[in-house]
Amino acid sequence: MTERALIVGASSGIGAALARELADAGYETGLAARRLDRLKSLGERLPTKTSVAKVDLSDPDDARDRLGRLIEAMGAVDVVVLNAGVGDGNEALDWEPERRTIDVNVRGFAAGANVALDHFERRGEGHLVGVSSVAALFGNGVAPGYSASKAWVSRYLDGLRYRAQRLDADVTVTDVRPGYVDTEMATGGSRFWEVSPERAARGVHRAIRRAPRRAYVPRRWYAVAWLLKLLPDAAFRRLFA
């Protein structure tokens with residue numbers, strides 16, 4: 001039986017690379033993002049059946065409606081990947097970038113997760129994959145809203161996983177935490193252990209197959225995450241202030 005995956009945030013970066021990765025593996029795909037023209041162009045090049053929808057997570061109520069209709073158009077989905085997000089540097093702490101980060105990465109993420117969980121619980125099974133970040137592990141004086149929003153994503157996914165367990169629902173929840181990825185959000189020169197969107201997508205696909213509670217992409221970030229948890233606050237101030 002052909003599996004179906006819905007990718008939110010599929011117009012570029014990790015999301016677009018993941019759409020190609022999953023389609024090559026035989027998945028039918030649903031692609032959602034703000035830039036419909038990019039989605040259509042990507043969908044036309046994929047080897048399996050593809051459905052697309054314009055979805056803007058900065059408007060959570062409208063996003064919920066559009067995602068629900070996309071799932072109906074696909075018939076059902078086995079996997080939902082919530083990959084959409086924004087990540088502006090904001091040393092000046094201007095309100096507009098902070099508000100946008102919260103709207104998309106927090107409110108929009110919760111809206112997408114709510115639609116996914118509702119579908120999976122009615123269907124009886126499913127796999128929710130949320131793309132958080134290694135940045136969830138520490139505060140960042142240059143991008144405080146981004147790190148905080150990704151920490152929220154990780155904790156929210158934990159809560160949804162515990163909820164599924166409490167309800168004895170056959171719903172898997174995976175928190176994927178990429179390190180630096182060469183995407184449109186990236187700024188500046190080369191960065192520590194930066195990988196291509198294609199390599200990151202392979203890591204997300206591996207997490208879909210293996211269904212762990214959390215996965216670092218690439219896997220060597222596990223060691224960094226372990227080290228970060230041991231650092232005292234004084235070390236964080238020196239590194240990320």
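Which exposed residues does the face of H2 turned away from its buried side carry? I'll take that in point 1, then go through the other helices; keep in mind that this is a predicted model.

1. **H2, both faces.** The answer is Asp37, Glu44 and Arg45, which are exposed on the face of H2 turned away from its buried side. Helix H2 spans residues 36-45, and its buried residues are Leu39, Leu42 and Gly43. Those buried residues cover an arc of only 100 degrees around the axis, so they sit on the same side of H2. As for what covers them, the list includes H1, E2 and E3.

2. **H3, length and faces.** Helix H3 runs over residues 60-74, so to speak a 15-residue piece, and reaches 21 Å from its first C-alpha to its last, close to the 21 Å expected at 1.5 Å a residue. Pro60, Ala63, Leu67, Leu70, Ile71 and Met74 are the buried ones in H3. Looking down the axis of H3, you find these buried residues within an arc of 100 degrees, so they line one face of the helix. Asp61, Glu72 and Ala73 are exposed on the other side of H3.

3. **H3, neighbours and exit.** The buried residues of H3 pack against three strands, E1 (4-8), E2 (28-33) and E3 (50-54), and against helix H4 (95-123). If you check backbone torsions, have a look at Gly75: just after H3, this residue takes a positive phi of about 95 degrees.

4. **H4 with H5.** H4 packs with helix H5 (residues 144-166) at an angle of about 15 degrees, and their axes are 9 Å apart. H4 and H5 are therefore roughly parallel to each other, and their crossing is right-handed. On the H4 side the contacts include Phe109, Ala110, Ala113 and Leu117. Among the H5 residues they meet as a group are Trp152, Val153, Tyr156, Leu157 and Leu160. Charged names turn up in the contact list too, including Glu98 and Glu121 in H4 and Lys150 and Arg163 in H5.

5. **H1 with H6.** Helix H1 (residues 13-24) and helix H6 (residues 197-210) have axes that come within 8 Å and cross at roughly 60 degrees. That angle makes H1 oblique to H6. Here too the crossing is right-handed, with H1 passing H6. From H1, the contact set includes Gly13, Ile14, Ala17, Leu18 and Leu22. From H6, the set includes Pro197, Ala200, Ala201, Val204 and Ile208. Arg20 and Glu21 in H1 are also in the set, as are Glu198, Arg202 and His205 in H6.

Note on methods. Residues numbered from 1 in each chain as written. Predicted model: local features only at pLDDT ≥ 70, side-chain atom pairs only at ≥ 80, totals over all residues. Heavy atoms only, no water. Helix = DSSP H or I, 4+ residues; strand = E, 2+ residues; numbered from the N terminus. Expected span 1.5 Å × (residues − 1). Buried < 20%, exposed > 50% of the residue type's maximum accessible area, 1.4 Å probe, protein only. Arc of directions from axis to C-beta. Contact = heavy atoms within 4.5 Å. Axes fitted to C-alpha atoms, helices over the stretch in contact; angles between N-to-C directions. Parallel < 35°, antiparallel > 145°, perpendicular 65-115°, else oblique. Left-handed = near helix turned anticlockwise from the far one by under 90°.
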